[in-house]
Structure formats: structure tokens, C-alpha cells
Amino acid sequence: MEESKPKYTPGEVKEEDIVRIPDMKGNIKEVIDVEGMVVPCHIIRNGHIPDMRENLKKIRTMKCRDDDIFLCAYMRSGTHWVWEIANMLTTGKLEYLTKPKESVMMEFHYPEEFDNIPSRRILNTHLPLRLLPTEVKEKKLKVLLVQRNPKDVTVSSFYFLQKAKMMPFQGNFEEFFMMFTTLGLMVSWFDYTLEAEQAVKDKELDIHVLYYEQLKKNPVSTIKGLSEFLGTDRDDEYIAKVAEMCSFKGMKKANEDVKNIEEYMFEKDLMKGHYRKGEIGDWKNTMTVAQSEQFDEIFSDRMKDSSFKFDFSK
Ligand code: A3P
């Protein structure tokens, strides 16, 4: 499955920790519970990312800098987009970074690998918010939470994972849909989002929520709000340029021309395909009407107490 050499020591999984769950085709998948996340055993065993059991402990006690920024999102919600924007805001340079977002992704590295990165660091993660370093809460460090309507997240994740080596999905969309609306990927979108909403309500984190759809429809005002939150004080002209450079077209081209994907060797092919369509409501091209109605039912049940509002169409 994966030809390149593992960067980390492959982890061993004890027989008693393994949980075997059948997929839709009756194949048995081996998973392990890591702090409430359902982690496929092969991710621990193949050594392409740090052993999550050890790394989550390291992340929890990680020493942070006062100006660190933690960009959090469920996968396929616009993390690359906001990361590039936030970097242009903090550096004050209208340039795409040559390093890929994956090079500062917390679950893909041990925290000490970020020690030599100059400030201001913008680290990113798909881990649930409770797994952030404890200093994020203690020091009230800046957290960005990117939200996207979950129908587009589902469809975007389906196409993405077909090409992924780390978490490959070879079934059809119906099978993916069943998996995504129940278990999700390590954590379900519903659990992730409800937990994040609780964190916002509890006011224990200094958190700014951005919606993919708002960023798409009103890039300038959304980036302005982000700039104010980060205290980067960029003027309107600068912000308009950031919006333009970070449009879908601009970022897709930068991914091909500027990004040094050699800096993150694992999943090299996948990184070329990060920029798929970049639209709101593309789920309609893949989800059937019946699936959409089923999704609506699950959504209204799971999100009944939520005040987060999602925009499902253009
Ligand atoms: P699609 O698969 O719907 O195209 P993440 O960065 O969290 O992995 O999210 C990836 C999704 O964000 C993909 O969605 C990708 O195309 C979209 N995306 C990335 N950059 C974007 C941009 N500048 N504008 C709009 N969408 C963008």
C-alpha cells in the first residue's frame, strides 16, 4: 500500500486493545480506542505518522508560545485555505508559503519538531478540541475553528479518501455515507462539532469561528474579522489582496507552482489533489435525494440543541 519508508517507529498494538468492526462489505477492520477516537490499527503500525497514543500525551503537555495560533477543523472543511490566509495576515507578506500545511499538522509530527519554526507559528489539527495542549486554555492562546456544512464535508472527504494511503476508502458513496454519518473518521463530524460548540459556549478558549461558506461568499469581510481577531491590523487594500490570492483558483495554482511538497513526502500524490472543486453545495452532485433526506434527519436529531448555523447551498 505505501512504498516510502516510515519516518517514525512503527507502533505495536496489543491484542487486548484491538476492536474488530465489520465494514459494509463484511470485511473486518481492526481499530483501537485512542482517547475516545477510533483509530485504525494500521495507522499506528505503519509509522508514517507518530504513534498517536504517545503523541496525544506529548501534545497535551506541549510548551506553547504566547503568540501561537491553533487552527482547528474537521477534515475537508477549508483548513488549507484558512491556514494560507492566516499566514499572509501574520507575516504581512503577500506570498504563498512554500511549506505545505501538513508540515505543521499536529497529529503528523511530534511537538518538538515545531521547536525551530519561527514565530508566529500557525499549527493546525483535525483533532477534537479537548486534545489541544493544556496551555491553549491556560494561556488563552488564539484558536481558529473552521466550519463547513457537513454535506459538502462528507462528499469532499469521500473523494479525498479514495486517494489516501493513510485512511484509504475503497467502497462506494453509499458505503462511505453510512460510515461517515455514524463513526466518521476517527471522530464523527457531529461529535467534533458539538464538542467545539461547547468549547465556544464555555468561553474557556480564545476562539474565533469561521464558516467556509461565509469566507466563500464574503471573503473580504471574513478575512477582516480574522485579522481583527489575530490582532494583525492589516488595511483594506492588503486584505483584498489576500482574498484574491487565496481564491480557489489562486491556491490551486500555488499548490502546483509554489508548494514544496517534497517537504512532506508521505501522501505526496494526495497533496497534489487537495484542491478539488472549492464550491458550496457540490454535495448535490454526489448525494442522492434519499441520502440527503436521511442526512437531514440525522442532522436535525444530532444537532437539535446546536445554535451553529450551516449554509448548504450557493
Ligand atoms: P472540495 O473537495 O469540496 O473541493 P481542507 O483544507 O480542510 O482539507 O479542505 C479541503 C476542501 O477545501 C476542498 O473542498 C478544497 O477544494 C477546498 N478549498 C481549498 N482551498 C479553497 C479555496 N481557496 N476556496 C474554496 N475552497 C477551497
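The helix α3 gives three residues to the shell around the ligand, the largest share of that shell. That is a good place to start looking at this structure, which is a predicted model.

**Around the ligand**

The shell holds 18 residues in total, and the closest of them are T79, H80, S156, Y212 and K277. Sorted by class, the shell has six nonpolar, eight polar and four charged residues.

Some of the contacts with the ligand's oxygen atoms can be listed one by one:

| Residue | Part of the residue | Distance to an oxygen atom of the ligand |
|---|---|---|
| R76 | polar side-chain atom | 3.2 Å |
| G78 | backbone N or O atom | 3.0 Å |
| H80 | side-chain N or O atom | 2.6 Å |

How much of the ligand does the protein bury? Taken alone, the ligand exposes 570 Å², and the protein buries 98% of that area. The space that the ligand takes up is the largest cavity. Two elements give two or more residues to the shell around the ligand: α3, which covers residues 79-91, and α11, which covers residues 248-257.

**The chain as a whole**

Stepping back from the ligand, you can find 13 helices and seven strands in the protein chain. The radius of gyration of the chain is 19 Å, close to the 20 Å that the globule rule gives for 314 residues, so the chain is as compact as a globular protein of that length. If you would like a feel for its dimensions, the C-alpha trace spans about 55 × 45 × 40 Å along its principal axes.

**Two backbone spots to visit**

Most peptide bonds are trans, and most residues other than glycine have a negative phi. With that in mind, two places in the loops deserve a look. The peptide bond that runs from S119 to R120 is cis, and its omega is near 5°. To find R120, go to the loop between α3 and β5, the strand of residues 122-125.

The other place is M186. What is the sign of phi at M186? Phi is positive there, at about 70°, although M186 is not a glycine. M186 also sits in a loop, between α6 (173-182) and α7 (189-202).

Note on methods. Residues are numbered from 1 along each chain as its sequence is written. This is a predicted model: local features need pLDDT of at least 70, side-chain atom pairs count only at pLDDT 80 or more; totals for chains, interfaces and linings use all residues. Side-chain values use heavy atoms; hydrogens and water are left out. A residue is near a molecule or strand if one of its heavy atoms lies within 4 Å of it. A polar contact is a pair of N or O atoms within 3.5 Å; within protein, one must be able to donate a hydrogen and the other to accept it, and residues adjacent in sequence count only if both atoms are side-chain atoms. Accessible areas come from the Shrake-Rupley method with a 1.4 Å probe; for residues, only the protein chains shown count as cover. On a 1 Å grid over the protein atoms alone, a cavity is a set of points where a 1.4 Å probe fits but cannot get out, and a pocket is an open set with protein on both sides within 12 Å along at least five of seven lines; lining residues have an atom within 4 Å of a point. A molecule sits in a cavity or pocket if more than half of its atoms lie within 2 Å of its grid points. Helices (H or I, at least four residues) and strands (E, at least two) are DSSP runs, numbered from the N terminus. Ala, Val, Leu, Ile, Met, Phe, Trp, Tyr, Cys and Pro count as nonpolar, Asp, Glu, Lys and Arg as charged, and the others, Gly among them, as polar. The radius of gyration is taken over C-alpha atoms; the globule rule is 2.2 Å times the number of residues to the power 0.38.
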